[in-house]
Each structure stands twice: as C-alpha cells, then as structure tokens.
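Me: I've got a structure open here and would like to talk it through with you. Can we go one question at a time?

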Amino acid sequence: MIVCLCKGVSCRTILAEARRGACTLKQIRQTCQAGTGCGACVQQIRQLLESAAPARHEHHSSSVGSGEAT
C-alpha cells in the first residue's frame, strides 16, 4: 500500500528501512523521502515505525546472545 503519495513510497519500503535501522521520522525522510512532501502521511509513517519497533528490539535481543553461564 502506498503511504506517501507525493513520493510514491509504500509501507513495504518504510518497513524495510526500519529493519535497516531507520527508527525515526527524520531517518525515514532521509532514506526514502517519505513524509517530505505535503506531510499528510507523517502520522501513518510514525505508526509503521511504532509497529516495527518491537520486531527490531526482538531481533537485537536475540543477536546479543543468551547470556547463560555454564
């Protein structure tokens, strides 16, 4: 689904950028230009970033290691 009509950016692109580490609106604007036109999509971009945040956190936690002592 297209989120940013001005720049033609889809939710898939925004979520892909979030997985690559773009976790703020400013970073999304810099990486894929979404939200830099009229601004009508900004709230939806923020919601997508919030929905992606738990997935990023879980990925980071699992890559750190189990932390169990033997």
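Me: How many salt bridges does a search of the whole structure find?
Reply: Keep in mind that this is a predicted model. Side-chain atom pairs count only at pLDDT 80 or more. With that in place, searching the whole structure turns up one salt bridge.

Me: Which side chain meets arginine 20 in a salt bridge?
Reply: We want a carboxyl oxygen of Asp or Glu within 4 Å of a side-chain nitrogen of the arginine. Here the N to O distance is 3.0 Å, so the pair qualifies under the 4 Å cut-off. The partner of arginine 20 is glutamate 17.

Me: Is arginine 20 buried or exposed?
Reply: Exposed means over 50% relative accessible area. Arginine 20 comes in at 64%, so this residue counts as exposed.

Me: And glutamate 17, buried or exposed?
Reply: For this one the cut-off that matters is under 20%. Glutamate 17 has a relative accessible area of 15%, so it is buried.

Me: Which helix is glutamate 17 found in, and what does glutamate 17 touch?
Reply: Glutamate 17 belongs to helix α1, which covers residues 11–19. Leave out residues up to four places away in sequence, and the list of what glutamate 17 touches is Ala22, Ile28, Thr31 and Cys32.

Me: What pattern does the chain follow, read along the sequence?
Reply: Take the tally to begin with: the secondary structure comes to three helices and two strands. Put in sequence order, that reads β-β-α-α-α.

Me: Where is serine 10 found, and is serine 10 buried or exposed?
Reply: Serine 10 sits in strand β2, residues 9–10. Its relative accessible area is 16%, which is under the 20% cut-off, so serine 10 is buried.

Me: Which backbone nitrogen does the side chain of serine 10 reach?
Reply: Setting aside residues up to four places away in sequence, serine 10 touches Met1, Ile2 and Val3. The side chain of serine 10 also reaches a backbone nitrogen at 3.2 Å, and that nitrogen belongs to threonine 13.

Me: What share of contacts joins residues at least 24 apart?
Reply: The pool here is contacts in the chain between residues at least 6 apart in sequence. Of those, the share joining residues at least 24 apart is 44%.

Me: What percentage of the 70 residues is buried, and how much of the exposed area do carbon and sulfur atoms supply?
Reply: Buried residues make up 29% of the 70 in the chain. The chain exposes about 4900 Å², and the part supplied by carbon and sulfur atoms is 52%.

Key:
Residues are numbered from 1 along each chain as its sequence is written. Side-chain values use heavy atoms; hydrogens and water are left out. Buried means under 20% relative accessible area, exposed over 50%, partly exposed in between (1.4 Å probe, protein chains only). Helices (H or I, at least four residues) and strands (E, at least two) are DSSP runs, numbered from the N terminus. Contact means heavy atoms within 4.5 Å. Accessible areas come from the Shrake-Rupley method with a 1.4 Å probe; for residues, only the protein chains shown count as cover. A polar contact is a pair of N or O atoms within 3.5 Å; within protein, one must be able to donate a hydrogen and the other to accept it, and residues adjacent in sequence count only if both atoms are side-chain atoms.
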